[in-house]
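Subject: Structure handover

Hello,

I am passing on the structure we spoke about. Please have a look at it first; my notes follow below.

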Amino acid sequence: MRRARPSDAPALAAALSRNRAHMRPWEPHRPDRYYTPAGQAERLGDGGVRWVALDGGRVTACATLSGIALGPFRSASLGYWVDAEYTGRGLATALVEEACRAAREELGLHRVEVGTVLDNHASQRVLAKAGFERFGTAPRYLHIDGAWRDHHLFQRILHDDPPPHA
């Protein structure tokens with residue numbers, strides 16, 4: 001497991017293409033370009049911070065911190081996925097833990113937030129193991145698999161230190 005690099009774009013595109021049907025119930029609709037090396041190269045430069053799990057040169061899982069806000073908020077949103085052939089091996093939990101560690105130690109964030117569709121129980125188990133608490137339910141939160149889906153919202157408070165002074 002390591003921080004994603006620009007050179008990972010082809011392997012990410014291959015993993016996402018391979019898992020398109022597997023992730024359909026949990027992910028928003030993506031344009032075809034998203035599943036290409038060029039589309040993933042654009043994503044890798046979008047300001048998010050990503051980690052990948054690898055098996056040889058094959059990407060088997062990925063976690064992304066996006067919407068990183070500094071100042072007094074010091075928060076980010078977390079998303080993650082695991083290749084269908086690698087589920088149940090602890091990859092999601094390890095990636096979530098690494099993202100939270102880096103969010104605190106490297107980015108100086110105070111909290112990380114995650115949303116899951118209501119019936120994504122596997123993801124909710126990952127979040128519970130990683131110390132997240134559910135703090136609400138958002139009706140019609142995100143357009144997933146052809147409809148606006150309600151989501152449970154989770155957060156993990158990383159520390160209670162004051163923000164650094166600019």
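A strand, as the word is used here, is a DSSP run of E with at least two residues, and strands are numbered from the N terminus. Ser66 sits in one of them, strand β3. Please keep in mind that the model is predicted.

Is Ser66 buried, exposed or partly exposed? Its relative accessibility is 32%, so Ser66 counts as partly exposed. Beyond its neighbours within four places in sequence, Ser66 is in contact with Ala76 and Ser77. Ser66 is also 6.7 Å from Val49, C-alpha to C-alpha, with their positions 17 residues apart in sequence.

Next, helix α4. This helix covers residues 91-105, 15 residues in total, and spans 21 Å from its first C-alpha to its last, close to the expected 21 Å. Its buried residues are Ala92, Thr93, Leu95, Val96, Ala99, Cys100, Ala102 and Ala103. In an α-helix, residues three or four places apart point the same way, because there are 3.6 residues a turn. Which elements cover the buried residues of α4? Among them are the strands β2 (49-55), β3 (58-69), β4 (75-82), β5 (111-117) and β7 (147-157), together with helix α5 (121-129).

Then the nonpolar cores. In the largest one, which has 27 residues, those touching the most other members are Trp51, Leu65, Leu78, Tyr80, Val96, Val112 and Phe132. Two or more residues each come from β2, β3, β4, α4, β5 and α5. Helix α4 gives the largest share, seven residues. Another core, of 14 residues, lies apart from this one and includes Ala4, Met23, Cys62 and Trp81. In soluble globular proteins, nonpolar side chains tend to be buried together.

Trp51 has contacts with residues more than four places away in sequence, and these are Arg2, Arg3, Ala4, Ala61, Cys62, Ala63, Leu65, Leu95, Glu98, Ala99 and Ala102.

Last, the cysteines. How many disulfides does the structure hold? The count is zero. A disulfide is a covalent bond between the sulfur atoms of two cysteines. For Cys62, the closest cysteine sulfur is that of Cys100, 15 Å away, and this is too far for a bond, since a disulfide needs the two sulfur atoms within 2.5 Å. Both residues are buried: Cys62 has a relative accessibility of 1%, and Cys100 one of 2%.

Regards

Definitions and conventions:
Residues are numbered from 1 along each chain as its sequence is written. This is a predicted model: local features need pLDDT of at least 70, side-chain atom pairs count only at pLDDT 80 or more; totals for chains, interfaces and linings use all residues. Side-chain values use heavy atoms; hydrogens and water are left out. Helices (H or I, at least four residues) and strands (E, at least two) are DSSP runs, numbered from the N terminus. The expected span of a helix is 1.5 Å times one less than its number of residues. Buried means under 20% relative accessible area, exposed over 50%, partly exposed in between (1.4 Å probe, protein chains only). Contact means heavy atoms within 4.5 Å. A nonpolar core is a set of buried Ala, Val, Leu, Ile, Met, Phe, Trp, Tyr and Cys residues joined through side-chain atoms within 4.5 Å.
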